Amino acid sequence: MKRLSIAIFSLVILFVLSTIIVVDETEQVVILQFGKPVKIIKEPGLNFKLPAPIQVLNSFEKRLLEYDVPPEEILSRDKKSLIVDNYVRWRIVDPLLFLQTVRAIPTAKTRLDDIVYSELRQELGNHDMHEIITEAREFIMEKVTLASNEETNKYGIEVIDVRIRRVDLPRENEASIYARMEAERKRQANKFRSEGEEEAQKIRAATDRDKTVLLAEAYKTSQQIRGEGEAEALDIYAVSFSKDPEFYEFIRTLETYEKVIDKKTTLVLPGDSKLFKALTQ
Amino acid sequence: MATRRVMFGDQEVEIPEFNFKILPLLGAAFALWLFTGVYMVGPDEVGVVRTFGEYTRVTQSGLNYHFPYPIEQVNTPAITEVKRIEIGFRTLNNGQYRTVEKESLMLTGDANIVDAEMIVQYKIKDPVAYLFNIVEPELTVRQAAEASLRTVVGRNNIDETLTTGKFKIQEGTKIQIQLILDKYESGIHVVAVQLQDVSPPKEVIGAFKDVASAKEDKNRMVNQAEGYRNDVIPKARGEAEAMIRDAEGFKQARIKRSEGDAAKFTTILKEYRKAKSITQKRLYLETMERVLPGIEKIIIPDKDSGNMLNLLNLNPGKGGNK
């Protein structure tokens, strides 16, 4: 009898406790009465319900949820194969609908995978690879987000963001990209080396030309100076010697004799020459 | 244990008699329970208190109190702590790095591949949003960072990415990550994005290095040519200067010599004018005296009897035909 009363007392406590619901900031709840949904609580705080098993509680995450979609190979419009790795940020907006259609998060992820993959494949198929890599990426992500969201509405799920984390090329295509990159760089390297030769050649040629011009100009100047010297000398001679041209001729003749006649000279003097006369006098 | 009989409706039940001996024990337990509400908020933290699951207040550093569980709960996220995630590489425990190619290799706008490594630093800007809006904050930042970096690199071509565009990419990525995180209402603030190392993939790095060395080669060739110029031109200038100076010397010498000659002539002329005939003769003879000694002399007595040809063989020293 004593034990029974303790058991009853405990049951009463449990009974009271099971009527209290504490809804956390991070969750939302659906209250089912014999399986029939009667109340949805999305705001956090203290709430009450009828005790179990009359009313039971189903709690769902309210925070933004993450789903990392496995990488998929998708063809672009220009038939290029791309490995697309994307992720989805989503949340449960209608816990009742969610409960009725997918029940739990793992199932929801499977649905998301199907929807997002098909939307993404369709959208990427509308763009060339170049667009996907460059400017169209954000546009694609937004479009896929919107389209996926329409599909997931019926599961009580809102897709907040579908984001392409990586777009890569399949392994076998990477090799051809590397080959192209290498060829491109070789071309650049060759260009630099040829340009170097060209510029060096230009500098050398200009140098040689400058040298030639420099020396020619110096020759010109020096010849001019020499000419001036000659002219001035001539003038001085002319002024001086014109005082007595005959005497100059005489003196100059004597100087010439002195220069011209040396030890090897044989002098032939006619008998009537002035010199002979001078010698014989 | 003592029991007490109580009428419950029309039934009589026994409920346990309250034992006053356990009252102090219960009191102590109650006090202990109340005491669990004391909590400390560190200097780098804030306390976020939930009352029956609902966010009610934020408390600051120091000793604080909340009603004990299950009435109130507290979280103390560190809001000044800057967290760091690595994209494209991981720092190992021994301080070395390991690249994660899956993260670091990415396509540029011109369909080339670069290897980029990045560090993202972030902290909590809104502790309430941070705690109650998102799950797995680190993964959230990581995914946003990877997506952003690739988006931004995809807008640039390889040469920009490897050289001048680095800063632009860094800033663009930071803005993009923040946009995504704000869209998620994550309460996270991106403090800094640092592109660590942007390089060509290792498969083609040789070719890229060769371009760099080709650039060097170009500079070297140009420098050598400049060196040639710097060697040749000053020498030529020197040579030119020498030619001009030489000519100037010649000019001066020519003038001085002519002046000398003129002076000499004038002096002699002055003397000559004093006694023209005598001086002329004297000068002539003096010259002859200087010139004629020691040379061979042939004198032909008469102009008419002179036959030059006869004389040729007279002198054996002068060659001639025998």
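Two residues count as being in contact if their C-beta atoms, placed from the backbone, lie within 7 Å. Keep that in mind as we click around this predicted model.

**Stop one: a valine in chain A.** Select Val116(A). Leaving out residues up to four places away in sequence, Val116(A) touches Val69(A), Val88(A), Val144(A), Ser148(A) and Val162(A). Now zoom out a little: which core does Val116(A) belong to? The largest nonpolar core, which has 59 residues. Val116(A) is among the members that touch the most others, along with Val88(A), Met118(B), Val120(B), Ala145(B), Ile177(B) and Leu181(B). Color helix H4 of chain B next, since H4(B) gives this core the most, with 7 residues. As background, nonpolar side chains in soluble globular proteins tend to be buried together.

**Stop two: where the chains meet.** Color the two chains separately. You'll find 96 residues of chain B in contact with 92 residues of chain A. Which element of chain B gives the most to the side that touches chain A? That's H7(B), with 40 residues. By class, this side of chain B has 49 nonpolar, 17 polar and 30 charged residues.

**Stop three: two helices side by side.** Select residues 171–241 of chain A, which is helix H6, and residues 205–274 of chain B, which is helix H7. Their axes are 8 Å apart and the packing angle is about 5°. Angles under 35 degrees count as roughly parallel, so H6(A) is roughly parallel to H7(B). Their contact has 33 nonpolar, 10 polar and 30 charged residues.

**Stop four: the end of H7(B).** Stay on H7(B) and add helix H8(B). Here the axes are 5 Å apart, at an angle of about 125°, and the two helices are therefore oblique to each other. To see the contact, show Glu271(B), Tyr272(B) and Arg273(B) from H7(B), plus Lys276(B), Thr279(B) and Gln280(B) from H8(B). Those residues divide into 1 nonpolar, 2 polar and 3 charged.

**Last stop: a sheet in chain B.** Switch to cartoon view and look for 3 strands forming an open sheet, in the order S5-S4-S7. The pairing is antiparallel. S5 and S7 (72–75) are the edge strands, each pairing on one side only. On average, neighbouring strands are turned by 25° against each other, ignoring direction. Now pick S4 (residues 47–51), which pairs with S5(B) over 5 bridges. Which residue of S5(B) stands opposite Arg50(B)? Click Tyr55(B) and there's your answer.

Definitions and conventions. Residues are numbered from 1 along each chain as its sequence is written. Chains are lettered from A and ligands numbered from 1 in the order in which they are written. This is a predicted model: local features need pLDDT of at least 70, side-chain atom pairs count only at pLDDT 80 or more; totals for chains, interfaces and linings use all residues. Axes are lines fitted to C-alpha atoms, for helices over the stretch in contact, and angles run from 0 to 180 degrees between N-to-C directions. Helices (H or I, at least four residues) and strands (E, at least two) are DSSP runs, numbered from the N terminus. Angles under 35 degrees count as roughly parallel, over 145 as roughly antiparallel, 65 to 115 as roughly perpendicular and the rest as oblique. Ala, Val, Leu, Ile, Met, Phe, Trp, Tyr, Cys and Pro count as nonpolar, Asp, Glu, Lys and Arg as charged, and the others, Gly among them, as polar. Two strands pair if DSSP finds at least two bridges between them. A nonpolar core is a set of buried Ala, Val, Leu, Ile, Met, Phe, Trp, Tyr and Cys residues joined through C-beta atoms within 7 Å. A residue is buried if 20 or more other C-beta atoms lie within 10 Å of its own, exposed if 12 or fewer, and partly exposed in between; C-beta atoms are placed from the backbone.
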